[in-house]
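Okay, hi everyone, thanks for coming. I'll put a structure up on the screen, and then we'll walk through a few bits of it together.

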Amino acid sequence: GFEDVTHAFGAWAKGGDAIYFAANRRNPALFDFYKQPLDGEAVLVWQNDAPGYLRAVDITPDGQRAVVVRTSSSFDHTLLEIDLAGGRARTLIETSEPVRFIATCYATDGRKLYLITDLDADFLYIARLDLDTGELERLITPEWDCDALELSPDGSSLAYIVNVEGAHHLHMYDLATGTTRAAPGITERAGVIRGSGPTFSPDSRYIAFAFTSTTRAADIYVWDLEKDVVYPVTRSSHGGLPTEAFVAPELIRYPTFDTLADETPRTIPAWFFRPQNESDKPVPAVVVVHGGPEGQFQPVFTFFIQYLVQNGYAVLAPNVRGSTGYGKAYSHLDDVEKRMDSVADLAHAAHWLREQPGIDADRLVVYGGSYGGFMVLAALTAYPELWAAGVNVVGISNFVTFLENTSAYRRAHREAEYGSLARDREFLESIAPIRHVDNIVAPLFVVHGANDPRVPLSEAEQLVTALQARDVPVEFQVFDDEGHGVVKLKNKLVMYPAIVEFLHKHLA
């Protein structure tokens with residue numbers, strides 16, 4: 001009876017006999033908070049009357065209260081505490097400015113709360129909130145974002161992650177002494193901790209985490225805090241492929257069109273992959289654009305990038321303005337009317353590639369999915385002279401039709417970033433790639449899932465129809481059993497070779 005409902009896991013009840021979760025059962029645009037006994041029906045605990053996901057849930061040690069974060073938009077969060085017996089909620093931090101709360105956990109006495117926030121700061125930091133007085137104390141304030149935290153079961157320390165240029169550094173903070181130490185061997189490797197982050201053993205001696213790099217799939221590692229050593233406890237298969245065949249990227253920065261406040265040129269961070277066995281002949285290059293837009297390309301094992309490199313393509317994965325991980329101000333540089341500035345960053349990625357030795361300036365490709373798909377289409381329409389081909393996976397071709405047709409619970413969340421249908425419709429129409437489709441001259445490969453609830457199939461259909469009418473080379477691949485993205489192995493085995501074959505054909 002809940003086919004059209006979205007459910008999000010929250011936390012286990014302290015007795016282990018129930019779970020808490022959020023769902024939009026009552027109203028498609030609103031998420032309420034429920035308790036689900038393992039042997040009975042779900043009970044509505046708190047009715048929420050404001051839009052936004054409910055997440056980052058933790059339960060007090062006595063099981064009486066829950067902390068939740070209501071995410072109205074990517075940068076506008078509300079920190080709430082729910083009385084689980086009375087079904088009432090209170091706002092823990094009142095602020096007039098948009099703020100993020102991305103992780104929470106109660107202290108062992110339930111009277112303090114550890115959290116990650118960017119309240120009155122450009123970067124996300126770790127703080128301690130006194131729930132009796134409302135006093136917020138900053139504990140850990142690196143010059144990068146903190147991405148995750150976990151309190152040890154004995155309450156003596158915090159494990160946390162710092163995102164440095166997209167790579168994760170794992171640390172432990174001693175709450176008694178205020179000292180920090182880094183996990184040996186992890187900060188020196190460019191990689192990312194996957195999943196929910198670091199997890200303590202019941203005796204607080206060990207921290208387990210899943211770690212991946214650009215040349216290795218994720219494995220589980222354990223940090224023995226007493227001996228201060230990190231060691232792997234799993235060895236993931238790479239399908240029989242030798243890991244030495246995988247290519248690690250170089251972290252580079254390329255100049256873009258504008259300057260910083262001190263008049264120095266703004267640079268865009270990017271990860272650059274080069275084929276290992278380069279011949280004297282210049283190679284084509286693919287610019288891979290992440291989705292989001294509040295996302296970040298990070299040094300994780302990405303099969304498709306390695307597949308491209310093995311097929312003779314260089315890959316540049318930029319974190320254009322609007323990406324997260326480089327401060328709140330950087331993330332807002334592409335909001336609403338500044339949207340096309342991020343597309344200009346893609347053009348300057350192409351300019352940088354054209355100057356690199358061994359890169360064929362006439363064979364540049366732009367690839368992206370979801371919001372990254374919009375970026376592909378915007379790049380092809382705004383800068384058609386730079387690109388030899390494009391690949392658009394579940395991409396947005398018109399923000400107006402996207403917002404009109406996307407799921408109700410996502411509309412308000414996305415309008416905060418893209419612009420409002422009520423206030424910004426004219427502007428959104430003006431930058432819609434579908435309105436400038438006549439500018440597209442490069443061959444385009446389009447992929448979509450027939451059951452996509454986020455970016456409806458109609459976004460791809462209207463684009464392909466317009467290109468076919470002008471005889472622009474376009475290949476359209478629809479997967480009837482996929483949603484927002486292609487996740488099934490059998491479909492990836494169809495899509496990836498088809499994309500490479502398409503590029504080989506049109507870039508020959």
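I'll talk about a sheet to begin with, and then about cysteines.

One thing up front: what you're looking at is a predicted model.

So, the sheet. How many strands form it, and in what order? There are eight, and reading across you get S21-S22-S24-S23-S25-S26-S27-S28. It's an open sheet, and the pairing is mixed. For anyone who doesn't look at sheets every day, strands pair through backbone hydrogen bonds, and they can do that parallel or antiparallel.

Now look at the edges, where you'll find S21, residues 250–259, and S28, residues 474–479. Each of those has a single partner strand, so one side of each has no neighbour in the sheet. And if you compare neighbouring strands here, ignoring direction, they're turned against each other by 20° on average.

Let's zoom in on one pair. Strand S23, residues 283–289, runs parallel to strand S25, residues 359–369, and six bridges join the two. If you want a spot to click on, try Val289, which sits opposite Gly368 in S25.

Right, cysteines. How many disulfides turn up when you search the whole structure? Zero. Take Cys105: the nearest cysteine sulfur belongs to Cys146, and that's 13 Å away. A disulfide would need the two sulfurs within 2.5 Å, so Cys105 isn't in one. Turn it around and Cys146 is in no disulfide either, with the sulfur of Cys105 as its nearest, at 13 Å.

And are these two buried or exposed? Cys105 counts as buried, at 10% relative accessibility. Cys146 is buried too, with a relative accessible area of 0%.

Technical notes. Residues are numbered from 1 along each chain as its sequence is written. This is a predicted model: local features need pLDDT of at least 70, side-chain atom pairs count only at pLDDT 80 or more; totals for chains, interfaces and linings use all residues. Side-chain values use heavy atoms; hydrogens and water are left out. Two strands pair if DSSP finds at least two bridges between them. Helices (H or I, at least four residues) and strands (E, at least two) are DSSP runs, numbered from the N terminus. Axes are lines fitted to C-alpha atoms, for helices over the stretch in contact, and angles run from 0 to 180 degrees between N-to-C directions. Buried means under 20% relative accessible area, exposed over 50%, partly exposed in between (1.4 Å probe, protein chains only).
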